[in-house]
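Hi everyone, thanks for coming. Today I'd like to talk about salt bridges, so let me put the structure up.

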Amino acid sequence: MKTSQILRVIWLSVLLLLPVSELVAQESRPKREFRGAWIQCVNGQFLGLGTQEMQRTLSYQLDELQKDGVNAIIFQVRAECDALYASRYEPWSRFLTGRQGTPPSPYWDPLQWMIDECHRRGMELHAWINPYRAKTKDTRELAVNHIAVTHPERVFDYDGLKILDPGQRENCDYILRIVGDIVSRYDVDGLHIDDYFYPYPVAGVAIPDQASYNRYGRQFASVADWRRDNVDVFIKALGEEIHRIKPWVKFGVSPFGIYRNKRSDPNGSATSGLQNYDELYADVLKWVNNGWIDYCVPQLYWEIGHKAADYQELIGWGDRHAANRPLYIGEDVLRTVKYPDPQNPSVHQLGAKHRLHRQCPNVKGTVLWYAKAAVDNPGNYGTVLRTDYWRYPALQPLMPFIDSEAPEKVRKVKARWTPQGYTLQWLPAKKAKGWQDEAHQYVVYRFAKGEKIDLSNPARIVAITREPRYVLPYDHGKTKWVYVVTALDRMSNESEGKAKKVKL
């Protein structure tokens with residue numbers, strides 16, 4: 001073995017033996033960070049599984065993602081004007097049952113089930129819909145109550161797809177009704193849409209919306225301006241509708257990763273790929289800067305050093321230009337481990353990308369594309385998350401533009417024996433004026449005897465829970481600890497702590 005290799009082994013051994021506090025000192029871990037993962041249905045991963053096997057598959061993914069440190073799941077529930085939930089308006093998805101319109105058997109509601117399972121694990125659940133897409137290329141049969149069957153005049157065909165025409169305001173109203181139904185009936189933490197606005201352009205294929213433009217768009221200088229306005233109107237209305245029903249539900253958008261290239265706009269990025277503004281008619285910066293959305297997740301699926309869309313250029317551009325709302329980065333797991341670090345070709349790019357995150361103060365989180373890829377752990381991607389970058393729990397980023405006041409602190413913190421074991425219990429504050437002041441979750445910290453109480457240190461978090469209790473790791477009752485409990489409201493504003501000394 002070479003001397004350099006021996007030294008490296010020794011150094012790694014020393015790291016493994018270092019106390020947690022020394023490891024944290026080497027690279028601070030954020031206490032607040034959105035750590036999401038997309039779980040999609042449109043790839044067909046659930047076809048043919050049936051109820052029990054699909055629940056088993058999802059349970060396994062959620063368990064592994066929880067170990068990796070994930071604190072939010074973005075679950076696709078509407079891929080083509082269909083439903084992976086008990087919709088009042090749209091047919092059951094073929095991606096769930098194999099045939100559109102056929103309910104699951106044995107019957108279950110995947111969205112409700114996922115909400116329960118995520119909340120039990122301390123994760124948020126964001127319901128993900130594709131607003132305009134009415135049919136994917138591989139779908140051969142539509143249900144009798146599908147919008148493209150009942151109102152074919154409101155849909156256009158494009159390269160094997162069917163698209164709800166964004167230029168027809170009836171379609172905007174229809175999508176708002178669908179979203180309103182989801183938000184009003186389900187305890188979702190967020191409502192999420194991705195990058196499918198107007199269809200991705202295909203060479204030589206024009207968007208067939210001339211009739212709608214003639215009817216609605218003649219006051220605009222161009223078809224492009226009219227299309228952008230259609231999407232703008234929809235985005236603004238969607239955010240307003242969500243918050244009208246439940247002000248705490250977060251509205252997030254995950255657009256294609258390039259807003260505009262510098263050759264089209266001096267404020268654009270030094271890239272040369274397809275542009276949101278010009279080809280998809282999505283003026284994402286307007287939505288961010290006007291506060292029409294609550295968080296933005298640009299899909300930066302490329303590698304560092306990509307010729308047309310360099311990851312390093314794009315994350316830096318987003319940090320500088322798109323920070324008026326919380327900015328999270330959509331990461332491609334497989335591409336990250338496929339390409340070597342340009343500065344160290346012996347390793348893949350996870351470490352280099354993580355360093356870029358830390359260098360961008362306005363980047364507040366990550367969403368993994370896609371959940372199963374992270375669970376499969378290529379290149380030890382998931383292992384590194386759970387043992388290093390996401391080793392400690394994280395609270396959700398703050399959203400003071402929705403609510404900035406913390407709830408009152410908990411009361412009557414006690415340790416007592418229960419059938420579950422020696423248990424820390426507490427009560428929420430007596431008075432709550434409304435949803436803004438209600439305790440929604442609790443954070444439990446643990447400190448050694450004589451240690452300074454520092455609630456900014458995520459290494460001291462032992463639980464983030466919706467239950468007003470925590471089962472203690474009792475062991476002979478000889479070691480003294482101090483536990484501190486805080487309350488979180490729905491927007492993760494944190495109360496002052498309430499301490500309790502115990503012997504474990």
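Which side chain does Arg-490 meet in a salt bridge? Please keep in mind that this is a predicted model. The partner is Asp-187, with an N to O distance of 3.5 Å. Arg-490 sits in the loop between strands E19 and E20, and Asp-187 in the loop between helix H7 and strand E7, so this pair ties together parts that are 303 residues apart in sequence. As for accessibility, Arg-490 has a relative accessible area of 19%, so it counts as buried. Asp-187, at 28%, is partly exposed.

Let's move to another pair. Asp-209 and Arg-227 form a salt bridge through their side chains, at 2.8 Å from N to O. Here Asp-209 belongs to the loop between E7 and helix H8, while Arg-227 is in helix H9, and the two are 18 residues apart. Are these two buried or exposed? Both Asp-209 and Arg-227 are buried.

Now for a pair inside one helix. Lys-372 and Asp-376 make a salt bridge at 2.8 Å, N to O. Both residues lie in helix H15, which runs from 371 to 376, and their spacing of 4 residues is about one turn of the helix. Asp-376 is partly exposed, with a relative accessible area of 48%, and Lys-372 is partly exposed too, at 36%.

Beyond pairs, there is a network of salt bridges that links Asp-63, Glu-117, Arg-120 and Arg-121.

And how many salt bridges does a search of the whole structure find? The count is 35. Thanks, and I'm happy to go back to any of these on the screen.

Definitions and conventions. Residues are numbered from 1 along each chain as its sequence is written. This is a predicted model: local features need pLDDT of at least 70, side-chain atom pairs count only at pLDDT 80 or more; totals for chains, interfaces and linings use all residues. Side-chain values use heavy atoms; hydrogens and water are left out. A salt bridge is a side-chain nitrogen of Lys or Arg within 4 Å of a carboxyl oxygen of Asp or Glu. Buried means under 20% relative accessible area, exposed over 50%, partly exposed in between (1.4 Å probe, protein chains only).
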